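Here is a short report for a reader meeting this structure for the first time. Keep the sequence and the 3D view open while reading.

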Amino acid sequence: MFDKFDQIFVTALHWLVSFLPEGLRPFVSALICIAFVMSVFPGVFALTTVLERKILGRIQNRYGPNRVGIPFTKIRLCGFGQFIPDGIKSLTKEDIVPRAADKVVHFLAPVVMLVPVLLAYAVLPFGKHMTITDYDAGLLFFFAVGGAVEVSVFMAGWSSRNKYSLLGAMRAIAQMVSYEIPLILSAVTVVMVVGSLNLSEIVKHQNNYTFGIAHWHVFTPWGLVGFILFFIASLAESNRTPFDLPEAESEIIAGYFTEYSGFKFALFFLGEYLGMFAIIGLGITLFLGGWTSPVSFLTWIPSYLWFLSKLMTIVFVFIWIRGTLPRLRMDQLMNFAWKFMLPLALINILVAGIWHYMAADWPRWLVCSAIIFGAYAILGRGLMQNQNFGKRIYRYAE
Amino acid sequence: MTPLQACLLISALLFAIGFAGAVTRRHAILVLIGIELMLNAANLNLIAFWRFGPHPEALTGFIFVLFSMAMAGAEAAVGLALIIAIYRHKKTSNLDEVKELKG
Amino acid sequence: MPPFFIITGIVTLLGAAFAMSLRNLVHCALAMAVAFSGIAALYLQLDAQFVGFAEILVYVGAIAILIVFAILLTRSGEAPEKSVLTSGWMAGIAVSAMVFTMLGWAVLNSSAIPKETPPAPVATVKNVGDALMTKFVLPLEIIGLVLTAAMIGAVIIALKEDSQKSKSEDGGQQ
């Protein structure tokens, strides 16, 4: 019986599509899947904006928004209706385009950001048999469209003809490119152990249970390190604190979307948050078991609810980190990516290989954990020793 | 016209456009863009022949294209580094003005 | 000819034509990115999925960004000077037209082109990986070496040479 709840969306899709002739079925099926993604994830986005403001408020010892519930009524709903006036405000504000701006590129930049981010949702497995397009090279597709977002960041920064926008765009691109490498390398460990780039296959590999606990990749030494690296790199890819130097208000006003207002700003904001959800979704798929449940006696809960709850948990952790940690400076950020995360990701690949080839017993846990801990200690100590906290040296641009 | 001929015509036209740009424009970076377009045309040609030719299961054309893309990336990186170095030295990236070897 | 194929082909060729003829360099680079995505779409229609995704990852995600950074670092983003074409541009266009005519004639009248379309090949990631590790392992290792050499070379060429040993990280990506 619980299986029916689990597959309710799949059966609904098949039933809706069965009314049509054979030729039209792929198109209508695709359209219905697109409508599903476009309605669920912007809804989660709206919820997340309110949640973020409330959680950040509580961390900063104040209430977040708590007045607006259902508009035009007195029902407060603890402020969870805040996204409605926010959305209306963004849509009705005046769309100011600077006079010297490059009109076509300025107009297209939010669109070029949103399209790859929405394409990335096509390969994520939201539940059992619930992947929209199950590509054989699904993981590569995800990283490819992730790389296409950088073009839009540059377009936004350059077309505004504003030196702060350009500076913010350059910093954002440098940060995204630098953190793409530990992101991809930590995903490579999963691919090595599973043996496939297909995301549904990766989730199926984690669907076994020993002593009631699932074989999630995060419960292995290489998986834990891989998950932490992926988590930090995804914080950097989504330009979230502590990596939000390119777009922080006290640093550079708003970075590459300074000159955007109204609907275009809303599109950028939407694109950024949707990108965050997509990359968290990938992290859940790779390391946290996707749609599987952690313990074997809870498998009756539908798979998409597991995915959604894991997504919201990690979003909560993102917001928590935003409220807690200070911002990293640009050179600290780049040092961290290239000198700490990249060697650790490479050593993690080595450890995943050792894990795969050793026998499935307690020695491999010991060996792998020892290598990872040793690498972390050496890299960490080594890098901290090189910090000279003396007089500052200035380098000027020319 | 078979699909193979259509693909080959597109790749030939792409190659011609890339060649025309690389030979005609003055700016060094545009020449590099033309070269990248020519490389892509050749890759498209290879994939078309892999798909429509005999023995596609040998994957020869496919792997050739993967290596060709890697080489194109390496060559673009080195070429752009050269353009930046020349700009730093001669303060221009106009190919008509860097004709002499004399520093 | 399926209509989607024709549309993708036209988009690619228009992107390439704009990339080579616009005055503003950044617009040229963006048109080139459009041409690359068009080519990736063509690869996807030719059942070469891995190559299509790799094209977007490598060309649009890395090479287009590199070119854009180089345009900014050489201060070519502003309006160009009087003419953007070299002195011998007519000969260049003539040669390119000749090249295309010759290639087009060869393609349309060749007897080496098979008449029937073979079935779609199975280019799963597993087959590609097997081929890379068994038949093509030597080129794989060599390309690793070439990419390392290119990366180190690019960083060294673009390095700022001044007395204070300051390192810059431009031009060293990919």
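The bend at a residue is the angle between two fitted axes, one for the seven residues ending there and one for the seven starting there. That angle is needed for a helix of chain C. The model itself is predicted.

**A kinked helix in chain C**

Helix H3 of chain C runs over residues 49-73 and has 25 residues. From its first C-alpha to its last, H3(C) reaches 35 Å. That is close to the 36 Å expected at 1.5 Å a residue. Even so, H3(C) carries a kink of about 25 degrees, centred on C:Ile63. The helix is mostly covered, with 23 of its 25 residues buried. Just after H3(C) comes C:Arg75, with a positive phi of about 55 degrees.

**Where chain C meets chain B**

How many residues of chain C are in contact with chain B? The count is 71 residues of chain C, in contact with 60 residues of chain B. Several elements of chain C give two or more residues to this side: H1 (3-21), H2 (25-45), H3, H4 (89-108), H5 (125-134) and H6 (137-157), each of them a helix. The largest share comes from H3(C), with eleven residues. So the kinked helix is also the element that gives the largest share to the side touching chain B. By class, this side of chain C has 54 nonpolar, 14 polar and three charged residues.

**Two domains within chain C**

The domain assignment of chain C gives domain 1 (1-79) and domain 2 (121-174). Their contact takes eight residues from domain 1 and seven residues from domain 2. On the domain 1 side, six residues are nonpolar, one is polar and one is charged.

**Where chain A meets chain C**

This contact takes 19 residues from chain A and 19 residues from chain C. On the chain A side, the elements giving two or more residues are H6, helix H7 (149-159) and helix H8 (163-194). The residues on that side divide into 15 nonpolar, one polar and three charged.

**Chain B as a whole**

Chain B has three helices and zero strands. Along the sequence, the pattern is α-α-α. Is chain B spread out or compact? Its radius of gyration is 17 Å, well over the 13 Å that the globule rule gives for 103 residues, so chain B is more spread out than a compact globule. Along the principal axes, its C-alpha atoms fill a box of roughly 55 × 25 × 15 Å. Buried residues make up 57% of the 103 residues in chain B. Among contacts in chain B with a separation of 6 or more, 52% join residues 24 or more positions apart.

**Positive phi in two loops**

Most residues other than glycine have a negative phi. Two loop residues depart from that sign, and the table sets them side by side.

| Residue | Phi | Loop | C-beta atoms within 10 Å | Class |
|---|---|---|---|---|
| A:His129 | positive, about 60 degrees | between H5 (103-120) and H6 (138-147) of chain A | 14 other C-beta atoms | partly exposed |
| B:Leu59 | positive, about 60 degrees | between H2 (28-52) and H3 (60-90) of chain B | 21 C-beta neighbours | buried |

Why does B:Leu59 count as buried? A residue is buried if 20 or more other C-beta atoms lie within 10 Å of its own. B:Leu59 has 21 such neighbours, and therefore counts as buried. A:His129 has 14 and is partly exposed. Neither A:His129 nor B:Leu59 is a glycine.

Technical notes
Residues are numbered from 1 along each chain as its sequence is written. Chains are lettered from A and ligands numbered from 1 in the order in which they are written. This is a predicted model: local features need pLDDT of at least 70, side-chain atom pairs count only at pLDDT 80 or more; totals for chains, interfaces and linings use all residues. Helices (H or I, at least four residues) and strands (E, at least two) are DSSP runs, numbered from the N terminus. A residue is buried if 20 or more other C-beta atoms lie within 10 Å of its own, exposed if 12 or fewer, and partly exposed in between; C-beta atoms are placed from the backbone. The expected span of a helix is 1.5 Å times one less than its number of residues. Two residues are in contact if their C-beta atoms, placed from the backbone, lie within 7 Å. Ala, Val, Leu, Ile, Met, Phe, Trp, Tyr, Cys and Pro count as nonpolar, Asp, Glu, Lys and Arg as charged, and the others, Gly among them, as polar. Domain bounds come from an automatic or database domain assignment. The radius of gyration is taken over C-alpha atoms; the globule rule is 2.2 Å times the number of residues to the power 0.38.
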